[in-house]
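Hi,

Here is the structure I promised to pass on. Please have a look at it first, and then read my notes underneath.

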Amino acid sequence: MSLKIINISIVSFLLQKTFPVYSLPNMELKAKSPMKTQSQGMNRVTIWAVIVAFVVIAGGAEGRNVKTFNTFEYSAMSCRAHSASVTEFGAIGDGKTLNTKAFEAAIAHLSRYSAVGGGLLYVPAGRWLTGTFNLTSHFTLYLHRHAVLLASQDIKNWPLSDPLPSYGHGREAPGGRYMSFIFGTNLTDVIITGDNGKIDGQGGVWWNKFHKGSLKYTRPHLIEILHSRSIQISNLTLLNSPFWTVHPVYSSDIVIQGVTILAPVKSPNTDGIDPDSCTNTRIEDVHIVSGDDCVAVKSGWDEYGISYGMPTKQLVIRRLTCISPYSAMIALGSEMSGGIEDVRAEDITAINTESGVRIKTAMGRGGYVKDIYVRGMKMHTMKWAFWMDGNYGSHPDPHYDPKARPIITGINYRDIVAENVTMVAQLKGIPGNPFTGICISNATITMAPESKKEPWTCSDIHGITSGVTPQPCGMLPAETTTCHFPERSLPIEEVKFKKCIYRGSHA
């Protein structure tokens, strides 16, 4: 209850004592004696003085930023027993004050409760400028609907970190990489959520430096979590990442839900969500506008990914909407050297996007992409509906093995509708190492007025089709079949959110 409500209640009580409510059935009052009336008048003056003094004092207290209570419900994999507001640690939400130390202090304070119910850091309405900061285990970062986290545009506030072992180098430069804006490693049970609050990477400064070639290290991600399990990212808007937006790596049991990701369509490499060497991941109810792939599934780069040997597997993607005029709705690769398997995508929509589901690899990658299932894909205004490329991507250094052959097999698409498409498919495997086990069924592709005369381009592939128009290429002969989609659910699909209640106070 706020102090204002307390004030009103007390004033109401005093008024009732001063001016009792009379029953007036006949609109008449009994006469009072002069002495009694005078005495009551004095009492009323005294009580009115008390009321005025109380209101003045209370009003002054409110002017001194007294804490008020705040209660709300939210959904999460885990609820927290302890909480704090970032304002309690000196943060100022004016969009100008750098709040890195306040966030660090708040998270350090709440980390003490890791073993006794966990902690929640509440970010109230405001524009909170900060440098990078690290998360902790059994922890929730919660953003109010009018809260905006602003990443510092001063590169001095972005420390360097080592390259990922499955990449060997920074993805853009031989050295290290800048630490991600929100970062965590070796964590258990970490949640980033809110009431559609915003996290803005303010990536323009990074994009400009990238285009000028003035960066010595790889650009930072907006959110990156490594070597962790039980991760939730939900009910947020993520804006203008310097590089890939959400990058879980070497992690498991991940739910990314109800997130909107926005970046200019010409911003460089602003992938939406990139699960990388992760197991048991669920991405759902996500809207992405991006300068690169909306979802890019990865598992390491050439010899480093082969050596590290950690695949991405058991991935569910559903109810995804993507706009990416220069890239794919879902990309598998090109960094897939640790392997990608058991990916299930359904009820997904691409609008004004270069391609639907795209497989990217090359000789030297090694690894595999197998057991891929897509069901219920809608596309409108596309360059390609289907795209597989066996000659894609650069290599980290001259030490990769050019004979390392990637295996691409078991690729299933069914129940597809696409409109205004320039070319149905470009499916190019690797000479001497064809892509096999391709199945496309129940797919209707309507061509754009200025579409290519040959809607299919196929080489070094093997597979079948059923009920597909326009007529597929000869390497995909027609058979009566329905492409497979697993009916048995994955463990991550059984994870349910709890209803949590935040009862806290903030200045």
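Below is what I found, going from the pocket to the cores and then to the salt bridges. Please keep in mind that this is a predicted model.

**The pocket**

The largest pocket has a volume of about 280 Å³. It is lined by 19 residues, and those closest to its centre are Arg-171, Asn-269, Asp-292, Glu-335 and Tyr-392. By type, the lining comprises 9 charged, 5 polar and 5 nonpolar residues.

**The cores**

In the largest nonpolar core there are 94 residues. Those that touch the most other members are Leu-141, Leu-149, Ile-182, Ile-199, Ile-330, Phe-386 and Trp-456. Another core, of 10 residues, lies apart from it, and its members include Met-179, Leu-226, Trp-244 and Tyr-250.

If you want to zoom in on one residue here, try Phe-386. Leaving out residues up to four places away in sequence, Phe-386 touches Met-377, Tyr-413, Ile-416, Val-424, Ala-425, Gln-426, Leu-427, Ile-440 and Ile-445.

Ser-355 may also be worth a click. This residue sits in strand 23 (residues 355-360), and its relative accessible area is 0%, so Ser-355 counts as buried. Beyond its neighbours within four places in sequence, Ser-355 is in contact with Ser-327, Ala-328, Met-329, Met-382, Trp-384 and Trp-387.

**The salt bridges**

The whole structure holds 19 salt bridges. Here are three of them.

- Asp-285 and Arg-319 meet through their side chains at 2.5 Å, N to O. Asp-285 belongs to strand 18 (residues 279-289) and Arg-319 to strand 20 (residues 312-323), so this salt bridge ties together parts that are 34 residues apart in sequence. Asp-285 is partly exposed, at 35% relative accessible area, and Arg-319 is also partly exposed, at 35%.
- Asp-302 and Arg-365 form a salt bridge at 2.7 Å, N to O. Because Asp-302 is in helix 5 (residues 302-308) and Arg-365 is in the loop between strand 23 and strand 24 (368-389), the pair links parts that are 63 residues apart in sequence. Asp-302 and Arg-365 are both buried.
- Asp-342 pairs with Arg-344, with 2.9 Å between the closest N and O atoms. Both Asp-342 and Arg-344 are buried.

Which residues does the network of salt bridges link? They are Arg-282, Glu-284, Asp-285, Arg-318, Arg-319 and Glu-493, so you will meet the pair from strand 18 and strand 20 again there.

Happy browsing, and do write back with any questions!

Best wishes

Note on methods: Residues are numbered from 1 along each chain as its sequence is written. This is a predicted model: local features need pLDDT of at least 70, side-chain atom pairs count only at pLDDT 80 or more; totals for chains, interfaces and linings use all residues. Side-chain values use heavy atoms; hydrogens and water are left out. On a 1 Å grid over the protein atoms alone, a cavity is a set of points where a 1.4 Å probe fits but cannot get out, and a pocket is an open set with protein on both sides within 12 Å along at least five of seven lines; lining residues have an atom within 4 Å of a point. Grid points are joined across faces, edges and corners, and a volume is the space filled by probe spheres set on the points. Ala, Val, Leu, Ile, Met, Phe, Trp, Tyr, Cys and Pro count as nonpolar, Asp, Glu, Lys and Arg as charged, and the others, Gly among them, as polar. A nonpolar core is a set of buried Ala, Val, Leu, Ile, Met, Phe, Trp, Tyr and Cys residues joined through side-chain atoms within 4.5 Å. Buried means under 20% relative accessible area, exposed over 50%, partly exposed in between (1.4 Å probe, protein chains only). Contact means heavy atoms within 4.5 Å. Helices (H or I, at least four residues) and strands (E, at least two) are DSSP runs, numbered from the N terminus. A salt bridge is a side-chain nitrogen of Lys or Arg within 4 Å of a carboxyl oxygen of Asp or Glu.
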